[in-house]
Amino acid sequence: MSRALALVTSRGGRAASLALLLLVLVSFPGWGGDYWTRILTGVTMWAALALSWNVIGGYGGYISFGHVAFFGIGAYTTALLMKPGTGWNFFATLPVAGIVAAAVAVIVGWPVLKLRGAYFAIATWALAEAVAQIANGVGFTGGSSGMSLPINASTSFFYYAMLVACVLSFGVCYVLLERSRFGYRLKAVRDHEVAAGSFGINTTAVKLQAFALSAVIPGVLGGIFAYWITFINPASVLDGSLTDQMVVMALVGGLGRISGAAVGAAVLYLINQQFLASFGDTTSYIAVVGALVALIVLFRPDGLVSLFARGNQTRLVWQLLGRAIPRARPSAAQRPGKTKEHA
Amino acid sequence: MSLLIQTILNGLLVGGLFVTLSIGFSLSFGVLDVVDFAVGEWVMLGAFAGVASTTWLRIDPIAFLPVVFVFFAVVGWLVAPLIYRVRNSRNARPALMALAFTFGLATLARGGMLTAVGFDPRTVKIGVVQGTVTLGAVEIPTLRLAGFAFAAVATGLFMLFLYRTRTGLAVRAVAQNKEIAGLMGVDVKRTSNFVYSLYAGLTSMAGVLIGGIYSITAQDGPTYTLMAFFVVVLAGLGSVGGVLVAGLVLGVLESLVTVYVSADFTLAIVFGILFLVLVISPRGILRRGTA
Amino acid sequence: MSVLEVRDLRRSFGGIEAVAGVSFALEEAEILGVIGPNGSGKSTVFNLLTGVVAPSSGDIRLRGKSIAGRKPYRIARAGIGRTFQIPALFTNMTVQGNLYAAIVEGDWKHAPERAAQVLELMNLTPVRDELASSLSGGQQRLLEFGRVLMRDPDVILLDEVAAGVHPTLRATILGAVSELQSQGKSFVVIEHDMELVRAICQRVLVMDAGQVVAEGSFEQIASDKGVVEAYLGVPVE
């Protein structure tokens, strides 16, 4: 039994379970049915959105209250480029959506990332409001009545588009943040900016890069989302509650953990859908999200996932297995403690 | 020409209320070292308290102001220790977590009110002061005048308290330097709670009048958070004196944009200017704050 | 030519001159001690040298090239390393992660070997995978010092590097300093511990109220009546 445990927690075991998860995800539309495929499309989208928030929030140490701006910018970019008359190919619009979002992030981030976090938080929030007002007010976005996109009714098309975007996002972020120099730079700047500078790290540049990375992802996802729902307006792609949701998903999953975003997104998206189904609106969900953020910060600042992490995880497993099984190989059980996830 | 004067005057009068809602915000930042993202929610909740006073209790909101103050001061008194706890926790990034905490509270307030009253805009019907006062070519709505008078009195009393009383001295000492204030025998935690409670009450009262001048919806809180933040950035984060000027500037700016551009772009323009100030002079136009 | 040359360095904060005209030169393979009462401007000098604070006036030259007012990361890349009086660790990273982060702008290819050496030298190998925030005070100072070793700078500024460190580990730090000195590295050392200053510093600056009030070998300084009065007259922590 403890061997099985060791297998799951070992490096090869983790790779195997990841491969299994991917296999399930890739084959899902074949056996999961339309409804659940759509739900899973939403989960993958939110997982990547929460991850993108986590890049600047958890790894960069700067809280963004306006991340929806990049999502909306991406959505409008794709919508504008696919409009009759421009008529771009859908896939060609996505890199543009990502680049536009990142460019806005760099312009806005440049002055405020030099200042303390509160400036950044409010500036990003104000950016989102400003973008929403502009989208509402100017002509070419259709104002509050929004824009329509060409219709593509294939459920699995969008499922795979989101899945690819999501897997790519997680892959790129994992490599950049956990397996490369960039991750060390960013975490050093987050933990002690002055000290990071004293080791030659260009702190402003690193923060800007992180913010740009964190904006590219919602930019691209916004583009896919726009094509998916075929009609966008400021209320659907620039609503502040989308940011709230990213914040709470990242917090539930734990700041500065790659996998946390996925767990947080899955749990909260399902709760969100449940609220929609039971109450027909999501205003009470907003209240729940707010309460959840406050409670997590108060009692579980490492994220709800930390309840099951590392030492707790092993303890939990042992408790579940009962004390009947002798602890034959404690070293195997301790292994997860050796590779700290937010190293 | 008279339109311009009218517009500027209207702006100055509303600016008074912006001063009131920003001054407590600025001070609570100084004392608690937390940017309270919920500042706009106190305005929103205050406005709905005003709505409740007319629809349920049939009391004029002006007469109801003391009740609003006491009620929200008590709520603030209950919330403050939680903020203090997060801010002073051994967590890795207490300042950001405290910000996230107030964000959570703000979201809770917004979601709760949306669930309770929906998205429809409401107006606080203030019966005592209606109509306009004519001054030469310009007409001033009496309500705005009353709003300004309230702001002047409230801010004046607040400043008197801050600069002429022993408790006010303690508050300023904590805002300057918590450690030294603590060494000098000031109870930092008590002072923080007190300031937050005072600020919550004051801001909610301003909300009643703002809800009378403009209409308000349950999702308007963040807009007023941006207003307060704009004022405080212009003034320099932590500078109480600068708020007096910056609040009036915002009032005039908002009024000018509404009349000469469009109310739809107020936030976008306010953000644009905020951004420019941050680029040019992050410590505020008076260079008195901390970046 | 001196490795580091400081001329008439000044910096004021809100009307108070924290550093009021400091000049000195640091030679190759020299260890220069800086002593003085708390608040005499020692740490501000370090912050000026490393670009954390920009000087109001004056010049700083590293091997003849002016670095005054440059960005901290540029100064670090030019070859100045430092430790902080209050350990400035990357608290949410592991001990090993801290060492990697220190060399991220340097010889990254050899980071694992260097980190292994430094861990061994600083006796930190057993806690390699612990979070930096979980270390004891003494271990934090060792890691603080170890990080500077990762980047091989020409000039190393040490701010009370051995305060609160166990005597044997203190000897390890001092041994490492001597070893680096023999390789041609230069040091500026802020210290309150006079035994340490006597043991390693060739020359000592005495600071008071933002100025250098005396300069010379430890023996000269110790016999200078003015210094003894100015410095030892006020309580030393």
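# A tour of chains C and B

Start by selecting helix 1 of chain C: eight of its eight residues are buried, so this helix is largely enclosed by the rest of the structure. Keep in mind while you look that the model is predicted. The buried residues to pick out are C:K42, C:S43, C:T44, C:V45, C:F46, C:N47, C:L48 and C:L49. Now step past the end of the helix to C:G51, which follows it and has a positive phi, near 85°.

**The sheet beside the helix**

Next, show the open sheet of four strands in chain C, whose order is 2-1-4-5 and whose pairing is antiparallel. Select strand 2 (16–26) and strand 5 (65–66) of chain C; these are the edge strands, and each pairs on one side only. Bring helix 1 (residues 42–49) of chain C back into view: it packs on this sheet and touches strand 1 (4–13), strand 2 and strand 4 of chain C. The direction of helix 1 makes about 70° with that of strand 2 of chain C.

Stay with the sheet and select strand 4 (residues 57–62) of chain C together with strand 5 of chain C. Two bridges join this antiparallel pair. Which residue of strand 5 of chain C stands opposite C:R61? Colour C:S66 to see the partner of C:R61. In general, strands of a sheet pair through backbone hydrogen bonds, either parallel or antiparallel.

**A hairpin in chain C**

Move along chain C to strand 9 (residues 203–208) and strand 10 (residues 211–216), which run antiparallel and are joined by five bridges. Select C:V204 and look across to C:G216 in strand 10 of chain C, which stands opposite. The two strands form a hairpin with two residues between them. One residue to click in the turn is C:A209, which has a positive phi of about 50°.

**Chain B as a whole**

Now hide chain C and show chain B. How many helices and strands does chain B have? Its secondary structure comes to 11 helices and two strands. Following chain B from the N terminus, you pass the elements in the order α-α-α-α-β-β-α-α-α-α-α-α-α. The radius of gyration of chain B is 19 Å, close to the 19 Å that the globule rule gives for 291 residues, so chain B is as compact as a globular protein of that length. Its C-alpha trace spans about 60 × 45 × 35 Å along the principal axes. Of the 291 residues of chain B, 54% count as buried.

Colour chain B by pLDDT: the mean is 86, and 95% of the residues reach 70 or more. Among its elements, helix 2 (residues 39–55) of chain B has the highest mean pLDDT (93), while strand 1 (residues 132–135) of chain B has the lowest (78).

Then zoom in on B:I5, which lies in helix 1 (residues 2–32) of chain B. B:I5 is partly exposed, with 13 other C-beta atoms within 10 Å. Add B:A137 to the selection: it is 132 residues from B:I5 along the chain, yet their C-alpha atoms are separated by 9.1 Å.

**Where chain B meets chain A**

Last, show chain A beside chain B. The contact takes 37 residues from each of the two chains. On the side of chain B, select helix 3 (61–87), helix 4 (94–117), helix 9 (221–235) and helix 11 (266–280), the elements that give two or more residues. Helix 4 of chain B gives the most, with 17 residues. Coloured by residue class, the side of chain B that touches chain A divides into 27 nonpolar, seven polar and three charged residues.

How values were computed. Residues are numbered from 1 along each chain as its sequence is written. Chains are lettered from A and ligands numbered from 1 in the order in which they are written. This is a predicted model: local features need pLDDT of at least 70, side-chain atom pairs count only at pLDDT 80 or more; totals for chains, interfaces and linings use all residues. Two strands pair if DSSP finds at least two bridges between them. Two residues are in contact if their C-beta atoms, placed from the backbone, lie within 7 Å. Axes are lines fitted to C-alpha atoms, for helices over the stretch in contact, and angles run from 0 to 180 degrees between N-to-C directions. Ala, Val, Leu, Ile, Met, Phe, Trp, Tyr, Cys and Pro count as nonpolar, Asp, Glu, Lys and Arg as charged, and the others, Gly among them, as polar. The radius of gyration is taken over C-alpha atoms; the globule rule is 2.2 Å times the number of residues to the power 0.38. A residue is buried if 20 or more other C-beta atoms lie within 10 Å of its own, exposed if 12 or fewer, and partly exposed in between; C-beta atoms are placed from the backbone. pLDDT is the predictor's confidence in each residue, from 0 to 100.
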